[in-house]
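Here are my notes after a read through this one, in no strict order of merit. Have the structure open while you go through them.

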Amino acid sequence: MTSAQQGAAASVAPDIAGAAPRPVAEELFRMSGVGKTFGDFAALSDVDIAFAPGEIHCLLGENGAGKSTLCNLIFGIHKPTSGAMTLKGAPYAPSGPRDALGQGVAMVHQHFSLAPELTVIDNLLLGRSLGRVARAEAAERIVELAQSYGLRLEPFRTVRDLAIGERQRIEIVK
């Protein structure tokens, strides 16, 4: 394939029903040739993936296939051994989860990372602020944020009293 053909191929994506290709929106995130090794073990090798705004993706694979490792690279928990990542067209190499969050990248973990004895608001504020927090104001902002995603949260309920679906909503808002 010529570079002109590659450029044209990169600017369209097939319709899911097999119809004519549609233009791809501006790229939001890209991994190019990304690899991750742990000692002699290659957890990921030469990964290429791109996401456009508004797209929904699903990673499927057997245990040990590298799904969590890939997500951990994007969220800054691990650093790639090779390759590059870009976010909004700029180089992206988060120094850690806090840096990733600061750049607008979040991860909803497969296993909940909530403290069951705390309230929803306390779980959402945990590790995000220093000093005193106006909990009522923060709760209002969190309810508004959840509603903007079509989610309902009760900020002063204790997490241990919530159903699994309600806990998932907290992780999404987090």
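1. Let me start with a salt bridge at the C-terminal end of things. Glutamate 171 pairs with lysine 174, and their closest N and O atoms sit 3.7 Å apart. Keep in mind that this is a predicted model, so the distance is a computed one. The two partners differ in burial class: glutamate 171 counts as buried because its relative accessibility is 2%, under the 20% cut-off, while lysine 174 is partly exposed at 24%.

2. There is also a salt-bridge network to look at. Shared partners link Arg152, Glu154, Arg157 and Glu166 into one network. One of its links is the pair arginine 152 and glutamate 154, whose side chains meet at 3.2 Å, N to O. Here arginine 152 is exposed, with a relative accessible area of 56%, and glutamate 154 is partly exposed at 30%.

3. How many salt bridges does the structure hold? The count is 6. Another of them joins the side chains of glutamate 27 and arginine 30, at 2.7 Å from N to O. Both ends are partly exposed: glutamate 27 has a relative accessible area of 33%, and arginine 30 has 29%.

4. Helix α6 covers residues 164-173, and Glu166, Arg167, Ile170, Glu171 and Val173 are its buried residues. Looking down the axis of α6, you find these buried residues within an arc of 165°, so they line one face of the helix. And what lies over them? The cover includes α4 (120-125) and α5 (135-148). Notice that Glu171, the salt-bridge partner of lysine 174, is in this buried set, as is Glu166, a member of the network in point 2.

5. Now the nonpolar cores. The largest has 16 residues, and Phe29, Met31, Val47 and Tyr92 are the ones with the most contacts inside it. At least two residues of this core come from each of β3 (29-38), β4 (41-51), α2 (67-74) and β5 (82-87). A second core, separate from that one, has 15 residues, including Leu114, Leu151, Ile170 and Val173. Ile170 and Val173 are also on the list of buried residues in α6. As background, nonpolar side chains in soluble globular proteins tend to be buried together.

6. If you want one residue to click on in the largest core, try valine 47. Setting aside residues up to four places away in sequence, valine 47 touches Met31, Ser32, Gly33, Val34 and Leu70.

7. Threonine 69 belongs to helix α2. Is threonine 69 buried or exposed? Threonine 69 counts as buried, since its relative accessibility is 13%. With neighbours within four places in sequence left out, the contacts of threonine 69 are Lys36, Phe38, Ala43 and Leu44.

8. Phenylalanine 75 sits in the loop between α2 and β5, yet it counts as buried, with 8% relative accessibility. Its contacts, again without neighbours within four places in sequence, are Pro94, Gly96, Pro97, Ala100, Leu101, Val105, Ala106, Met107 and His109. Check aspartate 99 as well: phenylalanine 75 and aspartate 99 are 24 residues apart in sequence and 8.6 Å apart in space, C-alpha to C-alpha.

9. On to the pocket. The largest one has a volume of about 1,400 Å³. The lining has 38 residues, of which Ile74, Val105, Ala106, Met107 and Val108 are the closest to the pocket's centre. Val105, Ala106 and Met107 are also among the contacts of phenylalanine 75. Which element gives the largest share of the lining? That is α2, with 7 residues. Both α2 and α6 supply at least two lining residues each.

10. Last, two backbone angles to inspect. Aspartate 46, in strand β4, has a positive phi of about 55° although it is not a glycine. Lysine 88, in the loop between β5 and β6 (90-91), likewise has a positive phi, near 55°, and is a residue other than glycine. Both count as exposed: aspartate 46 has 54% relative accessibility, and lysine 88 has a relative accessible area of 58%.

Technical notes
Residues are numbered from 1 along each chain as its sequence is written. This is a predicted model: local features need pLDDT of at least 70, side-chain atom pairs count only at pLDDT 80 or more; totals for chains, interfaces and linings use all residues. Side-chain values use heavy atoms; hydrogens and water are left out. Buried means under 20% relative accessible area, exposed over 50%, partly exposed in between (1.4 Å probe, protein chains only). Helices (H or I, at least four residues) and strands (E, at least two) are DSSP runs, numbered from the N terminus. The arc is that of the directions from the helix axis to the C-beta atoms. Contact means heavy atoms within 4.5 Å. A nonpolar core is a set of buried Ala, Val, Leu, Ile, Met, Phe, Trp, Tyr and Cys residues joined through side-chain atoms within 4.5 Å. A salt bridge is a side-chain nitrogen of Lys or Arg within 4 Å of a carboxyl oxygen of Asp or Glu. On a 1 Å grid over the protein atoms alone, a cavity is a set of points where a 1.4 Å probe fits but cannot get out, and a pocket is an open set with protein on both sides within 12 Å along at least five of seven lines; lining residues have an atom within 4 Å of a point. Grid points are joined across faces, edges and corners, and a volume is the space filled by probe spheres set on the points.
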